[in-house]
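This report goes through selected helices, ligand surroundings and single residues of one structure. The sequence and coordinates come first.

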Amino acid sequence: MNTTLNQIPETEPQRQFYYMNLAKELLSKKEKELGRKLTFHVTTFGCQMNARDSEKLVGILESIGYEESDEEDSDFVIYNTCTVRDNANQKVYGRLGYLNGFKKKNPEMKIALCGCMMQEESVIEKIKKSYSFVDLIFGTHNIYKFAELVCRMLTSKKMVIDVWQSTDKIVEELPTERKYAFKSGVNIMFGCNNFCSYCIVPYVRGRERSRQPKDIIKEIETLVCDGVVEVMLLGQNVNSYGKNLEEPVTFSELLEEVCKIEGLQRVRFMTSHPKDLSDDLIRVMKENKKICRHMHLPLQSGSSRLLQDMNRHYDKEKYLSLVAKLREAMPDIAITTDIIVGYPEETEEDFLETMDVAEKVEFNSAFTFIYSPRTGTPAAEKKQIPEEITKDRFQRLLRVVQEKGQKKTAEMTGNVEEVLVEQVNEHDDTLVTGRCDNNTLVHFKGDASLIGQIVSVKLTECKGFYFMGELV
Ligand code: SAH
Ligand code: SF4
Ligand code: F3S
């Protein structure tokens, strides 16, 4: 090794580039010993934010010289975890046992765990005790140090654990590898300050931090030069973007700037919090055809009493009026949502309020979740609802959201829509699959040459939540 300690840069991202080179040397030595390439696989749990983080991990691993594999039977497996509901955690524990089976057969194999679940102390304790074969654990705040952590892992015989409680840092310009050539997520902010009473995200992702508009614009311009036509601006509450910047900027101002980027054809964003959805945002959406006609607007509950208890800062009427304003400005907008059933102390009356909103709004689609108590959040301390009641309510709500979602989707039958072709259909390779501006999926005859193009498609047959169509 021709690198010496005193050359390690203090500043980022230079420090990580140094470690990428070091890891490259370590890896090529190992490859010479083994006479083969070393492979990696990243498995992502959770939301778009985690998916984007995984692309950063992949970018760094590829620059180090690992080869990506489709299989978890690889030399380096990374689980980027989620802890928003307990079933996300259980999935990780279940699959770790299965990974250990591979590790027993491959002495070179390394296993890393990162992401939101790792920010919980009880999780780290459990892994140390019951899953001691894990090689590296890190959290959400130091993901930018991945190259450095990989070096530590490759040179250590013990489990490496590095989890930070918080950070105010945003490190720009590390390599990322996109899953799709033509579309990309772009973080505009990190963390969350809202502390909804049921939610663990602020505890595991830290305080809200917005990126500088110039960094966001520069990243999107680079993506566009590289063939990207659609971006999804990502944040836990994009509507509060920019409030804490030294020179405050609103989300709608940022959107207007993003729309000016030449060559960029579609802009999506996620997630909008109803409490911060401004009239100005609705105006900017209406005026800019590049902004997709889709609003994901989590409702959580239709009961104003529960919304207050959840610390959401809006009530049923405010939510319904936002939907009315959005539809008035953009009649073809698709509205989708998240709803929690079985929140502590939810009464039948509270639940019927949620059903009422679902009936009235007719969401294009809705993610419905059974409430999951998360340690450390205020709602977890409250009296919980019996499982049978929650399950019954969940089924009743599911019936309504499915029926309304299908009705809303069917309204598009016969339309000719602009569709961004994403992939060859997974079940029938004479078909391709793409998304309409409002995010509805459509399958139609075509081949791989169409991938990444925006084409006109007639929606001929509604199949519930998606369409069969014809290229026109
Ligand atoms: N920032 C987004 C949501 C992020 S989490 C927002 O504020 O809308 C995604 C969804 O998971 C939430 O909208 C909520 O519906 C659900 N969720 C969060 N915590 C949960 C919990 N403890 N139990 C069940 N669902 C939960
Ligand atoms: Fe969780 Fe609420 Fe923040 Fe969304 S806004 S991430 S639900 S605390
Ligand atoms: Fe899960 Fe973390 Fe996203 S808890 S939902 S992966 S921010």
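In which helix is Arg-15 found? Arg-15 belongs to helix H1. The model is a predicted one, and the sections below start from this residue and its helix.

## Arg-15 in helix H1

Arg-15 has a relative accessible area of 16%. Values under 20% count as buried, so Arg-15 is classed as buried.

A polar contact is made by the side chain of Arg-15, which reaches the backbone oxygen of Pro-9 at 3.3 Å. Apart from residues up to four places away in sequence, Arg-15 touches Ile-8, Pro-9, Glu-10, Lys-145 and Glu-148. One of these, Glu-148, is a buried residue of helix H5.

## Packing of H1 and H2

Helix H1 covers residues 14-34, and helix H2 covers residues 48-64. Their axes come within 8 Å and cross at roughly 55°. The two helices are therefore oblique to each other.

On the H1 side, the contact is formed by Met-20, Ala-23, Lys-24 and Leu-27. On the H2 side, Ile-60, Ser-63 and Ile-64 take part. Sorted by class, this contact holds five nonpolar residues, one polar residue and one charged residue.

## Helix H5

How many of the nine residues of helix H5 are buried? Seven are, so helix H5 (residues 146-154) is largely enclosed by the rest of the structure. The buried residues are Phe-146, Ala-147, Glu-148, Leu-149, Val-150, Cys-151 and Met-153.

The cover over these buried residues includes the helices H1 and H2. It also includes strand E3 (76-81), strand E4 (110-115), strand E5 (136-138) and strand E6 (160-162).

## Val-160 in strand E6

Val-160 sits in strand E6, which is among the elements covering the buried residues of H5. Val-160 is buried, with a relative accessible area of 5%.

Leaving out neighbours within four places in sequence, Val-160 is in contact with Asp-135, Leu-136, Ile-137, Arg-152 and Met-153. Met-153 is itself one of the buried residues of H5. Val-160 and Ser-69 are 91 residues apart along the chain, and their C-alpha atoms are separated by 24 Å.

## Ligand surroundings

Around ligand 1 there are 15 residues, of which Arg-85, Gln-236, Gln-300, Asp-338 and Ser-372 come nearest. An oxygen atom of ligand 1 lies 2.9 Å from a polar side-chain atom of Arg-85. Backbone atoms also take part: a polar backbone atom of Gln-236 is 2.8 Å from a nitrogen atom of ligand 1, and a polar backbone atom of Ser-372 is 2.8 Å from a nitrogen atom of the ligand.

Gln-236 also appears in the shells of ligand 2 and ligand 3. The shell of ligand 2 consists of Cys-192, Asn-194, Phe-195, Cys-196, Tyr-198, Cys-199, Val-201, Pro-202, Gln-236, His-273 and Arg-312. By class, seven of these are nonpolar, three polar and one charged. Ligand 3 is surrounded by Gly-46, Cys-47, Asn-50, Cys-82, Thr-83, Val-84, Cys-116, Arg-205 and Gln-236. Its shell divides into four nonpolar, four polar and one charged.

## Tyr-466 in strand E19

Tyr-466 lies in strand E19, which spans residues 466-471. With a relative accessible area of 33%, Tyr-466 is partly exposed.

Not counting neighbours within four places in sequence, Tyr-466 is in contact with Thr-409, Leu-441, His-443 and Glu-461. Tyr-466 and Gln-406 are 60 residues apart in sequence, and the distance between them is 8.7 Å from C-alpha to C-alpha.

How values were computed. Residues are numbered from 1 along each chain as its sequence is written. Chains are lettered from A and ligands numbered from 1 in the order in which they are written. This is a predicted model: local features need pLDDT of at least 70, side-chain atom pairs count only at pLDDT 80 or more; totals for chains, interfaces and linings use all residues. Side-chain values use heavy atoms; hydrogens and water are left out. Axes are lines fitted to C-alpha atoms, for helices over the stretch in contact, and angles run from 0 to 180 degrees between N-to-C directions. Helices (H or I, at least four residues) and strands (E, at least two) are DSSP runs, numbered from the N terminus. Angles under 35 degrees count as roughly parallel, over 145 as roughly antiparallel, 65 to 115 as roughly perpendicular and the rest as oblique. Contact means heavy atoms within 4.5 Å. Ala, Val, Leu, Ile, Met, Phe, Trp, Tyr, Cys and Pro count as nonpolar, Asp, Glu, Lys and Arg as charged, and the others, Gly among them, as polar. A residue is near a molecule or strand if one of its heavy atoms lies within 4 Å of it. Buried means under 20% relative accessible area, exposed over 50%, partly exposed in between (1.4 Å probe, protein chains only). A polar contact is a pair of N or O atoms within 3.5 Å; within protein, one must be able to donate a hydrogen and the other to accept it, and residues adjacent in sequence count only if both atoms are side-chain atoms.
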